[in-house]
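User: I would like to learn how to read burial, packing and pockets in a model. Can we work through one case together?

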Amino acid sequence: MHTHNFWTEDYPRPADLAVSELPERVDVAVIGSGYTGLHAALALRKAGATVAVLEQETIGWGASSRNGGMATTGLKEEMPNVFRRYGAERGRAFWAWALASIDHVEATVAAEGIDCHFGRPGHITLAFKQRHFEHFADQVRWFQRELGYQDTWVVSKAELRSEIGTPEYFGGLVDGNSAALHPARYVFGLAQAVARRGAHLVEHAQVTGLARRTREFTLATTRGKLAAREVLLATNGYTTGLVPAARRGIFPVGSYIIVSAPLAPALQAELSPRGRMFFDSKHFLNYFRLTPDGRMLFGGRHNLSTRLDLHESARMMRARMVEVFPQLRDTPITHTWTGKLGIAFDLMPHAGRVEGIHYAYAYAGHGVSVASYLGKEAGEILAGQRRSTLFAEIPHARYPFTPYDKLYLPLVSLWFRGLDALT
């Protein structure tokens, strides 16, 4: 079993991806080369701005190439909670924005000719307990009444066999709009699109310092110094203390994935008859899907740590996978890896400006589409083509304890385990 990312082994960084030396000066420096940073750079280059995308590792090294490849509808925070917190009008605007974010990914993939196996098979939320299933019909009615949304429906336990090859769950809630893709192909395709338009993609350029002058910033990097009129922080779960106020608004959470060896076509059809994506209704949820080459990808969290031993994590993840799919008991696991999510305490994406630095982050596991669309909007704001974004117009709480996640995340993990046991 390999302890590295399957996606980038399956589709390595293209040898002809045009990376650059560090320029002396640009209009905008983007820190981070994931979906946020690359979509921002794409929007900025379309507007004629000069851009340098600075990556401390290699292009797309973080969560943008490590995730499950799922672009699911909505945001991490449940929509009824969004309505209660921000009001119905703004809640509807957030929902419409989230749907548009998936459309944006689809349009970008088509426009840039990115071969990333994009499709919209939809997803199913699987009821881990009978009590969870009993709420699904209420959710469907709420979405129809408050949002006019018709593309979600309940599947009973008896009907669930037409969707998934296991009796483990008590029913499901289907959403037909969610999309799937190959994340490494997507992020490298974006990088090639950005490079074609003349942006500087600079690898191994960790930003170690930021100083603000009268009209520009000076960025100290491991490759030298760079001057920029504006700076966008696009580091999500990999955000450090470089901009202290930004770090106080986000914390990292680890997510862990295993993939099996390729499965026989008949077994694939048995496990996932409609090719949908799945996740269950636990707080410590599992998510899973078939990969484009027919492997079972199975991911999730045992706690919130970003430092679990990968072999131990894979053992626990495999045990849960076999509980769900006993058919995979003798199927070998070929890869296991991890990546970091970025989460804010209100479970909402955030964008704005702090200490003079623009930022967009806190996607909480919805980053494939949300990071893509919010990155585009951040680029348009920096280019002067857009005044704001919905996610800059909500409060962004910051706490002095947030950078000390090693201390409080174990306590939060215990709380979530208790909720899963009780609810």
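User: Is Phe83 buried or exposed?

Analyst: This is a predicted model. For burial, compare the relative accessible area with the cut-off: buried means under 20%. Phe83 has a relative accessible area of 10%, so Phe83 is buried.

User: Where is Phe83 placed, and with which residues is Phe83 in contact, leaving aside its neighbours within four places in sequence?

Analyst: Phe83 sits in helix H3, residues 79-86. With those sequence neighbours left out, Phe83 contacts Ala88, Gly91, Arg92, Trp142, Glu146 and Leu147. As for Trp95, 12 residues along the chain from Phe83, the two C-alpha atoms are separated by 10.0 Å.

User: Now the core. Which residues touch the most other members of the largest nonpolar core?

Analyst: Look for members with many partners. Here they are Val30, Phe94, Tyr186, Leu201 and Met348, in a core of 71 residues. Helix H6, residues 183-196, gives the largest share of this core, nine residues.

User: Take Leu201. What is Leu201 in contact with, leaving aside its neighbours within four places in sequence?

Analyst: Beyond those neighbours, the contacts of Leu201 include Leu17, Ala18, Val19 and Ser20. Leu38, Val53 and Ile59 are also in contact with Leu201, as are Ala191, Val194 and Ala195.

User: How many of the 14 residues of H6 are buried?

Analyst: Count buried residues along the helix. In H6, 12 of the 14 are buried, so H6 is largely enclosed by the rest of the structure. Among them are Arg185, Tyr186, Phe188 and Leu190. The buried residues of H6 pack against helix H1 (6-10), H2, H4, strand E8 (200-202) and H10.

User: What should the 14 residues of H6 span?

Analyst: Use 1.5 Å a residue. H6 should then span 20 Å, and its end C-alpha atoms are 20 Å apart, which agrees. Check the backbone past the helix too. Gly198, just after H6, takes a positive phi of about 95 degrees.

User: Last, a pocket. How much space lies in the second largest pocket, and which residues line it?

Analyst: Read volume, then lining, then chemistry. The second largest pocket holds about 170 Å³ of space. Its lining includes His39, Lys46, His104, Glu112, Lys376, Glu380 and Gln385. Helices H2 (35-46), H4 (88-112) and H10 (367-382) each give two or more residues to this lining.

User: How do the residues of that lining divide into nonpolar, polar and charged?

Analyst: The lining of the second largest pocket has three nonpolar, four polar and four charged residues.

Note on methods
Residues are numbered from 1 along each chain as its sequence is written. This is a predicted model: local features need pLDDT of at least 70, side-chain atom pairs count only at pLDDT 80 or more; totals for chains, interfaces and linings use all residues. Side-chain values use heavy atoms; hydrogens and water are left out. A nonpolar core is a set of buried Ala, Val, Leu, Ile, Met, Phe, Trp, Tyr and Cys residues joined through side-chain atoms within 4.5 Å. Buried means under 20% relative accessible area, exposed over 50%, partly exposed in between (1.4 Å probe, protein chains only). Helices (H or I, at least four residues) and strands (E, at least two) are DSSP runs, numbered from the N terminus. Contact means heavy atoms within 4.5 Å. On a 1 Å grid over the protein atoms alone, a cavity is a set of points where a 1.4 Å probe fits but cannot get out, and a pocket is an open set with protein on both sides within 12 Å along at least five of seven lines; lining residues have an atom within 4 Å of a point. Grid points are joined across faces, edges and corners, and a volume is the space filled by probe spheres set on the points. Ala, Val, Leu, Ile, Met, Phe, Trp, Tyr, Cys and Pro count as nonpolar, Asp, Glu, Lys and Arg as charged, and the others, Gly among them, as polar. The expected span of a helix is 1.5 Å times one less than its number of residues.
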